[in-house]
Amino acid sequence: MKFGTKAIHAGVHPDPATGAIMTPIYQTSTYVQRSPGDHKGYEYSRTHNPTRTQLQDALAALENGKHGLCFASGMAAIDCVVKLLEPGDEVVATNDLYGGSYRIFTKVFAKYGIKFNFVPMHDVEAVRAAMTERTKLVWAETPTNPLLHIIDIKAVAEVAHAGGALLVVDNTFATPYLQSPLDLGADVVMHSLTKYMAGHSDTVMGALIVQDDELQQRLAFIQNACGGTPGPQDCFLVLRGIKTLHIRMQRHCENGRAVAEYLRQHPRVDKVYWPGLETHPNHQVARQQMRDFGGMLSFVLKGDKVEDAVAVLEKFQLFTLAESLGGVESLSGHPATMTHASIPAEERRKAGLSDSLIRLSVGIEDAEDLIEDLAQALG
């Protein structure tokens, strides 16, 4: 199947009881057994739920994987992956990453004896240099949040596997419509389904997708044992959102290009970070591993003053100032005080994240209206 067909049909099937074309919301905690251990594949909804099963199957199909696992949030999905590790193990992670990922690594798991090394992962040699005999996991985001760095998934997978480590790729920004990390050598794909996959800013959920059966069993054990699973209503919402993923993502990409080109030429703008620009670092890698360049971008004003950035954010009318991203509506944010506030200022600046940087999640409105909003806010 082509991607658009998979988005609508793969992993889902009509309800066998009624023929309902949409996956029912199985709002139940438990399931009747004919005799002890004799059931229809479902015992308790923390372990399995039919609505969640179809979502997990759909996600696996979209990512060209074999197994999907869903969680109550993206952070719960990350939590599950890190729990594969033992005290003394090491992780190499990109130094330009979502603040919540940095926080759970450094504030939660580091105290259990897991060491995290943050490197500029768009430089493959930096990854290679950070690997040790204790490295068991390599954690990549690409494009990264919020500087949109591009990481060469295939090259980093080779480095990780040569060192005996698993490669996890956070595919939240790209989605499987733009990028297929498993095909490029990743072992685990992670998503905050809250964002583009659900697409309507109405649910919070995370996911992991893998090919390997043994790895799936280890992750599924943690998923069930620790219990960070989503409810059926939220699974239904993500299933519904996925059906228009390909249509939405194409408009996000088109609008992202229009906004990036406008900002690049604006006299008040100093830098624009969007992987579709030929001047963007690792643009050529993006062209090789992505099908388009997405609707996420960030920019810095000339003078690099925080107060100037705040003034722009306060003037926006369509680019609503709010946490999160990936919905149909355009959003704006100030990473230094919002999504990345948990990263120390020194570490943020070392990674190139200016305190005045503005991040945009470009929605699917008419591009002309979005550009008019930018024009009035920038002055």
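This passage walks through the domains, the enclosed and open spaces, and two helices of the structure shown above. The model is a predicted one.

A good place to start is the overall layout. The protein chain falls into two parts, domain 1 (3-240) and domain 2 (245-378). Taken over C-alpha atoms, the centres of domain 1 and domain 2 are 25 Å apart. The two domains also touch: 40 residues of domain 1 are in contact with 43 residues of domain 2.

With the two domains in mind, the open spaces come next. The largest pocket holds about 360 Å³ of space. It is lined by 22 residues, and Met75, Tyr98, Thr172, Ser192 and Lys195 are the closest to its centre. Two elements, α3 (74-82) and β6 (188-192), each contribute at least two residues to the lining of this pocket. Helix α3 has the largest share of that lining, with three residues. In terms of chemical class, the lining of the largest pocket is made up of eight nonpolar, nine polar and five charged residues. Both domains take part, as domain 1 (3-240) and domain 2 (245-378) each provide at least three residues of the lining of the largest pocket.

Enclosed spaces can be explored in a similar way. A search of the whole structure turns up two cavities of 30 Å³ or more. The largest cavity has a volume of about 40 Å³. Its walls are formed by Pro143, Leu148, Phe173, Ala174, Leu178, Met290, Phe293, Gly294, Gly295 and Met296. Sorted by class, the residues of this lining are eight nonpolar, two polar and no charged. Where does the largest cavity lie with respect to domain 1 and domain 2? Residues of its lining come from both domain 1 (3-240) and domain 2 (245-378), so the largest cavity lies between them.

The second largest cavity likewise has a volume of about 40 Å³. Lining this second cavity are Ala7, Ile8, His9, Ala10, Val12, Ala58, Leu239, Ile242 and Lys243. The elements that supply two or more of these lining residues are α1 (3-9) and α9 (232-242). Helix α1 gives the most, with three residues. The class count for the lining of the second largest cavity is seven nonpolar, one polar and one charged.

Helix α12 (residues 306-315) shows how a helix can have two faces, with Ala309, Val312 and Leu313 buried. These three residues lie on the same side of α12, because they cover an arc of only 100° around the axis. On the face turned away from the buried side of α12 are the exposed residues Glu307 and Glu314. What, then, covers the buried residues of α12? The cover includes the strands β9 (296-301), β10 (320-321), β11 (331-333) and β12 (358-361), together with helix α14 (367-378).

A last stop is a single residue, Ala129, which sits in helix α5 (residues 124-130). Is Ala129 buried or exposed? Its relative accessibility is 68%, and exposed means over 50%, so Ala129 counts as exposed. Ala129 can also be placed relative to Val119: the two are 10 residues apart in sequence, and their C-alpha atoms are 9.4 Å apart in space.

Key: Residues are numbered from 1 along each chain as its sequence is written. This is a predicted model: local features need pLDDT of at least 70, side-chain atom pairs count only at pLDDT 80 or more; totals for chains, interfaces and linings use all residues. Side-chain values use heavy atoms; hydrogens and water are left out. On a 1 Å grid over the protein atoms alone, a cavity is a set of points where a 1.4 Å probe fits but cannot get out, and a pocket is an open set with protein on both sides within 12 Å along at least five of seven lines; lining residues have an atom within 4 Å of a point. Grid points are joined across faces, edges and corners, and a volume is the space filled by probe spheres set on the points. Ala, Val, Leu, Ile, Met, Phe, Trp, Tyr, Cys and Pro count as nonpolar, Asp, Glu, Lys and Arg as charged, and the others, Gly among them, as polar. Domain bounds come from an automatic or database domain assignment. Helices (H or I, at least four residues) and strands (E, at least two) are DSSP runs, numbered from the N terminus. Buried means under 20% relative accessible area, exposed over 50%, partly exposed in between (1.4 Å probe, protein chains only). The arc is that of the directions from the helix axis to the C-beta atoms. Contact means heavy atoms within 4.5 Å.
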